[in-house]
Amino acid sequence: MFRILFSLLFTCLFFNGLNAQTDANTNGRLTVQQLSPADANLHTETAEVEGFARMLAALKTAFAEKDASRTVAYEAYILRAMRDETDQMSVKATAESGDASSLSKIRLEKMTNTLAAFEAHAFDPAKPDAAARDFAQLDEFLKIMQEELKGANDKP
């Protein structure tokens, strides 16, 4: 009797494990390696925009809490992300032609101007009005990134 129960239990656990493996492989979620190059690029761009938005929100929170070390760290991340995005836009603007290129060049110019304003920048907790203007510029930068991402999503 004990052998039969043990065999039945073992068989159930074995097939349950096989079923779980099958479900894990067919859940419809692909890894970046399984995506087409265009989809992988879109996935990377989406992650960059989402990461920038999260870090901008964290920067605003750190500034509001007057946490200088976190503010400096998040501002450094934001600045690095702005440089990367501006470099990507520069390559994209030179590679494209036509109306899309002129739109990309306008966006690139705005992004470059914003980046230049933040190159030697530091948030001063004693100047909340200046910080509000700075955050508005960063929000505009994020908006441009989102517009570019939307444009990339709309392409066939």
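These are my notebook entries on a predicted model of one protein chain.

**Ground rules**

I number residues from 1 along each chain as its sequence is written, and my side-chain values use heavy atoms, with hydrogens and water left out. Since the model is predicted, I ask for pLDDT of at least 70 for local features and 80 or more for side-chain atom pairs, while totals for chains, interfaces and linings use all residues.

**Entry 1: the overall layout**

I started with the secondary structure, taking helices (H or I, at least four residues) and strands (E, at least two) as DSSP runs numbered from the N terminus. The protein chain has 5 helices and 0 strands, so my reading from the N terminus is simply α-α-α-α-α.

Next I looked up burial, where buried means under 20% relative accessible area, exposed over 50%, and partly exposed in between (1.4 Å probe, protein chains only). Of the 156 residues, 26% count as buried. I also noted the surface, using Shrake-Rupley areas with a 1.4 Å probe, where only the protein chains shown count as cover for residues. About 10700 Å² is exposed, and carbon and sulfur atoms supply 60% of that.

Then I turned to contacts (heavy atoms within 4.5 Å). Among those with a separation of 6 or more, 65% join residues 24 or more positions apart.

**Entry 2: helix 2 and what comes after**

I checked the length of helix 2, which covers residues 37–64. Its expected span is 1.5 Å times one less than its number of residues. For 28 residues that should give 40 Å, and the end C-alpha atoms are 41 Å apart, which agrees.

I also listed its buried residues, which include Ala40, Val49, Phe52, Leu56 and Leu59. Just after the helix I found Lys66 with a positive phi, near 55°.

**Entry 3: Thr71**

What does Thr71 touch beyond residues up to four places away in sequence? I found Leu59, Ala62, Phe63 and Phe123. Of these, Leu59, Ala62 and Phe63 are buried residues of helix 2. Thr71 itself is found in helix 3 (residues 68–95) and is buried, with a relative accessible area of 6%.

**Entry 4: salt bridges**

I searched for salt bridges, meaning a side-chain nitrogen of Lys or Arg within 4 Å of a carboxyl oxygen of Asp or Glu. How many turn up in the whole structure? The search finds 6. As a reminder to myself, side chains of opposite charge can pair when their charged atoms come close.

I looked at Glu119 and Arg83, whose side chains meet at 2.8 Å, N to O. Glu119 lies in the loop between helix 4 (99–118) and helix 5 (128–154) and Arg83 in helix 3, so this pair ties together parts that are 36 residues apart in sequence. Glu119 is partly exposed at 38%, and Arg83 is partly exposed at 34%.

I then took Glu147 and Arg107, which meet at 3.4 Å, N to O. Glu147 belongs to helix 5 and Arg107 to helix 4, so the pair ties together parts 40 residues apart in sequence. Is Arg107 buried or exposed? At 14% relative accessibility, Arg107 counts as buried, whereas Glu147 is partly exposed at 31%.

Shared partners join Glu65, Asp67 and Arg70 into one salt-bridge network. Within it, I noted Arg70 and Asp67 at 3.3 Å, N to O. Arg70 is partly exposed at 29%, and Asp67 is partly exposed at 23%.
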